[in-house]
Amino acid sequence: MMPNINRKNTIIAYIKLITAVAIWGGSFIATKIAVREVSPVTVVWLRFLIGNIILGYFAWKHKELVLPERKDVLELAWLGFLGITLHQWLQSSGLVTSEASTTAWLVSTSPVFMALLGWMLLKEKLSWRTISGFLLATIGVLFVVTKGDFQSIFNGGFGTSGDILILISAPNWALFSVLSRPILNRFSAIKVTFYVLLFGWMLTSIQFLAGQYWIEISQLSTGGWASIAFLGVFCSAIAYIFYNDGLQSLPATKVGAFLYLEPLVATVVAAAVLSESIVLASLVGGGLILLGVWIVNHNFEEQLE
């Protein structure tokens, strides 16, 4: 019966990952709407305040609110800084000038960085096919950021300032995912997710309070609050739990490959909700990114056979 149980757990992990990534695909649009009304710091602070309340309830219900030991606090705080404070600031600030669909395509390069970091830190295998996937994804990024105008690179232009921040967030998320693996082997996904979000939110609170950003909260419209609520409930709580559940059950390279669903969801929703145009060069670049990610993931599957 053990093989069937393992197979069932793997299928459940796949379903949770697909759900999490689909939700995050919509997060770019929700964030884009919110940062039109308030600053990125306020968006991140409110988002994870809601997320922590919900996660705190889940952690309490599953009796996971036990305080971590001192040796684990620094590790959880570091992950909170990388995955919440820094990562969400990069993405929210980037979305001020970057299009939601462009952001999603750039973030989809994270699986390639996860493969590289998995090789460097977790001793996961890295072949020439994986390297070729990385190169294809890199070319795809150039297509997406320049909208096909490669001459702009030599003229001192490389997309918007937001595009650069988003591009930085991709390897940062990869680093966060890889470094999360050891502690997820020791504790449940709910406990790790709660404390990572809590520490990340606490670190964001320093900037939020120092800059007196609470004054902006009254500027939020009904649509703005709806976006914040979606980000807090679904993107910050449910999706993070599902993602960490998958990360707990599958290798970092495998989990990273699921992130390719994000740009597909984001592109469609951004066109429908934000009226963003779908540029041919972005589709070509996106296709190259997905092909590169597929090569990385396919190579990993062959290594398991």
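Tyr 57 and Trp 60 sit three residues apart in helix H2, so about one helical turn separates them. In this predicted model, Tyr 57 is partly exposed, with a relative accessible area of 43%. Trp 60 counts as exposed, at 57% relative accessibility.

A pair of aromatic rings is described by two values: the distance of the centres and the angle of the planes. A search of the whole structure finds 11 aromatic pairs. One of them joins Trp 45 and Phe 208. Their ring centres lie 4.0 Å apart, and the angle between the planes is 0°. The pair is therefore stacked, since planes under 30 degrees apart count as stacked. Trp 45 belongs to helix H2 (residues 40-61), whereas Phe 208 belongs to helix H9 (residues 189-210). The pair therefore ties together parts that are 163 residues apart in sequence. Trp 45 is buried, with a relative accessible area of 14%. Phe 208 is buried too, at 2% relative accessibility. Both values fall under the 20% limit for buried residues.

The rings of Tyr 57 and Trp 60 also form a pair. Their centres are 6.1 Å apart, and their planes meet at 40°. That angle is neither under 30 degrees nor over 60, so the pair is tilted. Helix H2 thus holds both residues of this tilted pair, as well as Trp 45 of the stacked pair.

Aromatic residues also form a cluster. Its members are Trp 24, Trp 173, Phe 176 and Tyr 243.

Helix H9 appears again at the surface. Trp 78, Phe 81, Leu 203 and Ile 206 make a nonpolar surface patch of about 380 Å². Helix H3 (70-94) and helix H9 each give two or more residues to this patch. Leu 203 lies in helix H9. Its relative accessible area is 33%, so Leu 203 is partly exposed. Helix H9 thus carries Leu 203 of the patch and the buried Phe 208.

The wider picture is helical. The chain has 13 helices and zero strands. Read along the sequence, the pattern is one α after another, from start to end. The chain has 305 residues, of which 51% count as buried. Contacts were considered between residues at least 6 apart in sequence; 89% of them join residues at least 24 apart. The accessible surface of the chain comes to about 13700 Å². Carbon and sulfur atoms account for 69% of that surface.

Methods. Residues are numbered from 1 along each chain as its sequence is written. This is a predicted model: local features need pLDDT of at least 70, side-chain atom pairs count only at pLDDT 80 or more; totals for chains, interfaces and linings use all residues. Side-chain values use heavy atoms; hydrogens and water are left out. Rings of Phe, Tyr and Trp (its six-membered ring) pair if their centres lie within 6.5 Å; planes under 30 degrees apart count as stacked, over 60 as edge-to-face and the rest as tilted. Helices (H or I, at least four residues) and strands (E, at least two) are DSSP runs, numbered from the N terminus. Buried means under 20% relative accessible area, exposed over 50%, partly exposed in between (1.4 Å probe, protein chains only). Patches are made of residues with over 30% relative accessible area and no salt bridge: like charges are joined within 9 Å, nonpolar side chains (Val, Leu, Ile, Met, Phe, Trp, Tyr) within 5 Å. Accessible areas come from the Shrake-Rupley method with a 1.4 Å probe; for residues, only the protein chains shown count as cover. A salt bridge is a side-chain nitrogen of Lys or Arg within 4 Å of a carboxyl oxygen of Asp or Glu. Contact means heavy atoms within 4.5 Å.
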